[in-house]
Amino acid sequence: MARESIIARERKRERLVAKYATKRAELKAAGDYQGLDKLPRNASPVRLHNRCKLTGRPKGYMRKFGISRVTFREMA
């Protein structure tokens, strides 16, 4: 199981990405890269990482199910 702080950090990133999504799209369409630089780094969707919904494991993530391969095997 992943540490709670790591899982919380990932949730915080998800909220920031959602908050700045429209602003990022507008700045990108306008070609205002200086404006993009002023946004928080964690507002970029590239910084998101898929994690298991049950355990928070970052590796072996299966997108179709939203869980890691280890959790998937335990459930089978």
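Let's begin at the largest pocket, which is lined by 14 residues; the ones nearest its centre are Ile 7, Glu 14, Arg 51, Cys 52 and Lys 53. Keep in mind as you turn the structure around that this is a predicted model. How much space lies in the largest pocket? About 250 Å³. How do we find a space like that in the first place? Rolling a probe the size of a water molecule over the atoms shows where empty space is left. Sorted by class, the lining of this pocket is a mix: five nonpolar residues, four polar ones and five charged ones. Which element gives the most to that lining? That would be α1, with four residues.

So let's look at α1 next. This helix runs over residues 4-30, which makes 27 residues. From its first C-alpha to its last, α1 reaches 39 Å, close to the 39 Å expected at 1.5 Å a residue. Now look along the helix until you get to Tyr 20: there α1 bends by about 50°.

Some of α1's residues are tucked away from the surface. The buried ones are Ile 6, Ile 7, Glu 10, Arg 13, Leu 16, Val 17, Tyr 20, Arg 24 and Leu 27. You've already met two of these names: Ile 7 is among the residues nearest the centre of the largest pocket, and Tyr 20 is where the helix bends. What do the buried residues of α1 pack against? Their partner is α2, residues 33-38.

To get from α1 to α2 you pass through a loop, and that's where you find Gly 31. Sitting just after α1, Gly 31 takes a positive phi of about 75°. Is Gly 31 buried or exposed? Somewhere in the middle: its relative accessibility is 33%, so it counts as partly exposed. Compare its position with Arg 51, one of the residues nearest the pocket centre. Gly 31 and Arg 51 are 20 residues apart in sequence, and their C-alphas are 32 Å apart in space.

Move on into helix α2 and you'll come across Leu 36. It counts as buried because its relative accessibility is 13%, and buried means under 20%. Who does Leu 36 touch? Not counting residues up to four places away in sequence, Leu 36 touches Arg 24, Leu 27 and Lys 28. Arg 24 and Leu 27 are both on the list of buried residues in α1. As for Ala 25, it is 11 residues away from Leu 36 in sequence and 9.6 Å away in space, going from C-alpha to C-alpha.

After α2 comes another loop, the one between α2 and β1 (61-62), and Ser 44 is found there. Being in a loop doesn't put Ser 44 out in the open: at 16% relative accessibility, this residue counts as buried. Setting aside neighbours within four places in sequence, Ser 44 is in contact with Val 17 and Arg 24. There's Arg 24 again, which Leu 36 touches as well.

Our last stop is helix α3, made of residues 69-75. Two of its residues are worth a look. Thr 71 lies in this helix, and at 7% relative accessibility it counts as buried. Which residues is Thr 71 in contact with, leaving aside those within four places in sequence? They are Cys 52, Leu 54 and Thr 55. Cys 52 takes us back to the start, since it is one of the residues nearest the centre of the largest pocket.

Arg 69 lies in α3 too, but this one is partly exposed, with a relative accessible area of 45%. Leaving out neighbours within four places in sequence, Arg 69 is in contact with Arg 57, Gly 60 and Met 62. Arg 57 is 12 residues from Arg 69 in sequence and 9.5 Å from it in space, C-alpha to C-alpha.

Technical notes: Residues are numbered from 1 along each chain as its sequence is written. This is a predicted model: local features need pLDDT of at least 70, side-chain atom pairs count only at pLDDT 80 or more; totals for chains, interfaces and linings use all residues. Side-chain values use heavy atoms; hydrogens and water are left out. Helices (H or I, at least four residues) and strands (E, at least two) are DSSP runs, numbered from the N terminus. The expected span of a helix is 1.5 Å times one less than its number of residues. The bend at a residue is the angle between axes fitted to the seven residues ending there and the seven starting there. Buried means under 20% relative accessible area, exposed over 50%, partly exposed in between (1.4 Å probe, protein chains only). Contact means heavy atoms within 4.5 Å. On a 1 Å grid over the protein atoms alone, a cavity is a set of points where a 1.4 Å probe fits but cannot get out, and a pocket is an open set with protein on both sides within 12 Å along at least five of seven lines; lining residues have an atom within 4 Å of a point. Grid points are joined across faces, edges and corners, and a volume is the space filled by probe spheres set on the points. Ala, Val, Leu, Ile, Met, Phe, Trp, Tyr, Cys and Pro count as nonpolar, Asp, Glu, Lys and Arg as charged, and the others, Gly among them, as polar.
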